[in-house]
Amino acid sequence: MEFYLWKHSGDLKMNRYILGEMEKIFDTLKAHVDDDDKGRILNVKRHISPAGEAVPVCNFVRTALKKDISCASERLALFEFEENRYLLLDEKFRDTLGEIGYEFEDDDSPITQGAGMLAMASGTLPLRQDLSSLKIIETCLGIGEDNGEDVVFKFAEIRPFFPSYCVALVDDSRFELSFEEDLNRLICYLLLEKSNRFNDCNKSELKKLLLLLSSRSIAGCILNSLQSPLVEYVFLQLYQCIEYLFRLNSCFTLSAVHGIDLSKSIDIVLAHEFKISESDNLYRVIKENAAQATIDNFLKILPGTPEANSDTYNMVSSYIYRLRCSIAHLRYEQDDISNVDWENCITALIEILCSIYQKCDKDIVEVCKSKRSWTEISI
């Protein structure tokens with residue numbers, strides 16, 4: 001005899017909850033049926049039977065906390081269950097997430113099945129786009145009772161109606177998920193692999209950047225750059241990642257010179273708003289934090305050859321600032337940027353950006369945590 005998921009829920013209230021979640025899955029299927037086929041939907045009681053023991057799946061469905069994540073047309077879900085957290089996401093991201101070091105639940109484990117049911121019921125996992133109305137009728141909604149028994153479907157029969165997915169155990173030692181901003185950098189990391197915006201070298205560097213906790217503050221800019229069809233806008237988004245450090249760099253300098261802690265230092269910077277021009281701020285951030293090798297690489301894309309004893313930091317920052325102004329402002333006879341070698345320029349800028357954040361990572365994290373700049377994840 002089949003063991004229905006709802007028979008092992010413990011009490012009537014939980015019975016109703018689990019039944020309700022299963023009903024939402026069937027309601028989603030019904031909503032996808034064409035009007036001409038709706039008359040073929042049979043009015044019967046339907047249930048879902050998981051693979052293996054039903055009790056562990058039932059326990060997950062009725063007690064797990066769930067947070068839906070929607071970003072850049074991608075849908076993920078974060079679950080909290082018995083002191084562990086699990087991430088459900090599209091199967092296409094399995095290999096990329098595996099790079100981080102997360103371990104995956106077996107496809108038929110209670111966690112994977114329970115998380116899938118909840119995601120299907122809530123719409124986190126939408127129906128497959130190629131699913132036909134006739135297919136739903138023939139394999140599910142048009143199947144009637146057998147000898148008066150309710151209709152029971154194995155979860156494996158329902159699963160193909162939805163996109164393939166996987167469930168990973170969250171491991172904060174591999175990739176910390178403590179703040180909402182962590183979700184942004186995780187999604188950036190996942191989307192980079194399939195992106196046509198950046199070359200392989202850029203992807204590798206940006207992944208290194210996204211593994212830094214300080215990248216929480218700029219993950220939104222990186223995500224915008226991934227989604228932009230315009231290379232000039234990509235440049236502006238990467239520039240903003242450096243611009244974010246203008247005040248912080250003044251904080252770091254003030255702290256080092258006067259021996260005060262970073263929390264007090266940033267308060268002073270914000271209170272007095274030091275009168276430093278944007279171009280000077282850019283120069284200081286690059287000169288005080290960028291690795292020399294990244295400056296040398298950027299010089300290769302600049303026209304002409306630097307004279308002996310030239311301030312190469314100023315040459316690089318001035319060029320970056322000129323491009324920024326030419327893109328951001330529409331002015332008569334503005335500098336012509338049609339001949340810019342954008343691919344190499346973006347590559348060189350990303351190298352500078354990564355070297356700066358690698359150097360400042362711990363200090364950025366200390367300031368942002370002390371000032372609660374990031375929003376803790378709430379499930």
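In which loop is E83 found? In this predicted model, E83 belongs to the loop that joins strand 3 (74–81) to strand 4 (84–90). The backbone of E83 adopts a positive phi of about 70°, although the residue is not a glycine. E83 counts as exposed, since its relative accessibility is 83%. A positive phi also occurs at R372, again in a residue other than glycine, with a value near 55°. R372 lies in the segment after helix 16, and its relative accessibility of 75% places it in the exposed class.

Confidence was considered next. The mean pLDDT of the chain is 90, and 93% of the residues score at least 70. Among the elements of the chain, strand 7 (residues 165–169) has the highest mean pLDDT, at 98, whereas helix 1 (residues 12–31) has the lowest, at 83. Over residues 8–14 the pLDDT stays under 50. For this stretch the model has ten contacts beyond four places in sequence. Where pLDDT is low, predicted coordinates should not be read in detail.

Helix packing was examined for helix 11 (residues 245–258) and helix 16 (residues 342–370), whose axes are 11 Å apart and enclose an angle of about 80°. Helix 11 is therefore roughly perpendicular to helix 16, as angles of 65 to 115 degrees fall in that class. On the side of helix 11, the contact is formed by L245, L248, C251 and F252. Helix 16 contributes I356, Y357, C360, D363, I364 and V367. By class, nine of the contacting residues are nonpolar, none is polar and one is charged. The charged participant is D363 of helix 16.

The cysteines were then inspected for covalent links. The structure holds zero disulfides. For C221, the closest cysteine sulfur is that of C241, at 4.6 Å, and this separation is too far for a bond, because a disulfide requires sulfur atoms within 2.5 Å. C221 is buried, with a relative accessible area of 18%; the limit for this class is under 20%. C368 likewise takes part in no disulfide, the nearest cysteine sulfur being that of C251, 9.8 Å away. With a relative accessibility of 2%, C368 also counts as buried. C251 is in addition one of the helix 11 residues that make the contact with helix 16.

Key. Residues numbered from 1 in each chain as written. Predicted model: local features only at pLDDT ≥ 70, side-chain atom pairs only at ≥ 80, totals over all residues. Heavy atoms only, no water. Axes fitted to C-alpha atoms, helices over the stretch in contact; angles between N-to-C directions. Helix = DSSP H or I, 4+ residues; strand = E, 2+ residues; numbered from the N terminus. Parallel < 35°, antiparallel > 145°, perpendicular 65-115°, else oblique. Contact = heavy atoms within 4.5 Å. pLDDT = per-residue confidence, 0-100. Buried < 20%, exposed > 50% of the residue type's maximum accessible area, 1.4 Å probe, protein only.
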